[in-house]
Amino acid sequence: MKLPLILIGLFCGLCCGLDEKRIRPSQGEFFEWLGSIFLPPVTTTTTSTPVLSTSTTTTRRTTKSTTTTTSRPTVANFPIERDCVTCRCGLINTLYKIVGGQETRVHQYPWMAVILIYDRFYCSGSLINDLYVLTAAHCVEGVPPELITLRFLEHNRSNTNEDIVVQRFVSRVKVHELYNPRSFDNDIAILRLNQPVDMEHQRLRPICLPIQSYSFDHELAIVTGWGAQKEGGLGSDTLREVQVEVLPQLDCRNSTSYKPGQITDNMMCAGYILQGGKDACSGDSGGPLQATFDEQPGQYQLAGIVSWGVGCARPQSPGVYTRVNQYLRWLGSNTPGACHCMPYPEEDY
């Protein structure tokens with residue numbers, strides 16, 4: 001009788017502590033996740049359920065899933081100081097060119113990471129060097145690292161090419177110390193891989209970190225993810241992209257459905273206030289809002305992380321993102337031992 005009482009107590013505690021405008025995973029998801037910890041793994045299954053959709057403020061998680069059982073290797077012990085190869089970050093793999101968006105070219109954005117919790121698709125992330133992935137705190141808060149798997153170079157989640165996909169396990173989860181699950185302030189987390197990825201890989205490449213103190217106001221940025229293509233819809237099997245405009249902070253605070261105090265200096269908004277129509281959605285959480293460098297078309301920096309919003313692509317309710325260049329010092333302090341790719345070839349490696 002003790003285990004059921006513990007589970008009921010945990011669920012009630014979460015429900016009682018939440019603001020009515022903040023939607024967490026459904027009761028079914030919560031108990032499924034706890035069950036994955038306390039119960040033995042099952043054989044491979046595939047299920048499909050509707051993506052969480054409400055008329056209130058939501059995070060951008062998904063409930064469409066593919067479950068497999070894999071064995072986890074021992075975490076590799078590698079030296080902090082390593083020989084690093086010369087490489088450039090942020091370059092897409094083709095110059096040809098999610099709600100209101102389109103399917104990307106295969107491996108067009110080579111830093112995209114699929115985040116699986118207990119082998120179930122949950123969120124996205126961005127590779128920022130050979131050893132760390134950046135995602136939203138609400139994706140991984142409270143999740144033990146041994147339950148998280150990362151997959152790179154996965155374009156179609158329903159038809160994985162095992163010969164191309166790069167898989168890593170997670171050895172450490174670092175959620176920002178000041179993350180607030182009610183307001184989504186400081187919604188950022190770092191995942192350390194159990195072993196580095198190969199920076200000489202022909203397809204895999206990290207995204208560049210953003211320019212310090214740059215606002216990105218009025219710039220067109222691209223959101224990529226496997227989330228729903230419309231509010232209340234199902235997640236996408238294939239990676240999709242959509243172009244949105246980064247809004248000035250004052251516009252997001254004073255000209256949208258959000259209250260000024262909801263949009264902190266650690267957040268940024270992107271979308272179209274009057275017409276809506278283009279946005280991240282459920283299932284896109286943790287993924288990148290990426291903007292080009294002016295000097296390098298086709299080369300991207302990580303402006304934001306998909307965090308929260310009211311519905312999907314609604315007028316007056318643009319998507320809200322974690323502003324990454326607010327955390328450059330924090331990232332530097334919490335990503336030891338990594339090899340970094342530089343934005344420009346003339347930089348000193």
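Load the whole protein first: 54% of its 349 residues are buried, where buried means under 20% relative accessible area, exposed over 50% and partly exposed in between, using a 1.4 Å probe and protein chains only. Keep in mind that this is a predicted model, where local features need pLDDT of at least 70, side-chain atom pairs count only at pLDDT 80 or more, and totals for chains, interfaces and linings use all residues. Numbering starts from 1 along each chain as its sequence is written, and side-chain values use heavy atoms, with hydrogens and water left out.

Switch on the cartoon and you get five helices and 16 strands; these are DSSP runs numbered from the N terminus, helices being H or I with at least four residues and strands E with at least two. Now try a surface: about 15,400 Å² is exposed, 54% of it supplied by carbon and sulfur atoms (Shrake-Rupley method, 1.4 Å probe; for residues, only the protein chains shown count as cover).

**Stop one: β7**

Select residues 132–135, strand β7. Tyr-132 and Leu-134 point one way, Val-133 and Thr-135 the other, and all are buried. In a regular strand, side chains alternate between the two faces of the sheet.

Add residues 120–127, strand β6, which runs antiparallel to β7 and is joined to it by two bridges; strands count as paired if DSSP finds at least two bridges between them. A hairpin of four residues links β6 to β7, and Leu-127 sits opposite Val-133. Next, bring in β10 (residues 189–193), antiparallel to β7 over four bridges. Look there for Ile-190, the bridge partner of Leu-134.

**Stop two: the cores**

Which residues touch the most other members of the largest nonpolar core? Pick Leu-127, Leu-134, Ile-148, Leu-150 and Phe-152, out of 68 residues. Such a core is a set of buried Ala, Val, Leu, Ile, Met, Phe, Trp, Tyr and Cys residues joined through side-chain atoms within 4.5 Å. Strand β5 (residues 112–117) gives the largest share, six residues.

Zoom in on Leu-127: beyond its neighbours within four places in sequence, its contacts (heavy atoms within 4.5 Å) include Trp-111, Phe-152, Met-199 and Pro-206. A second, separate core has 15 residues, among them Val-223, Val-242, Val-244 and Val-306.

**Stop three: β11**

Select residues 220–225. Five of the six residues in this strand, β11, are buried, so it is largely enclosed by the rest of the structure. Add β12 (residues 240–247), which pairs antiparallel with β11 over six bridges; Gly-225 partners Arg-240. Finish with β14 (residues 288–293), antiparallel to β11 through two bridges, where Gln-290 stands opposite Ile-222.
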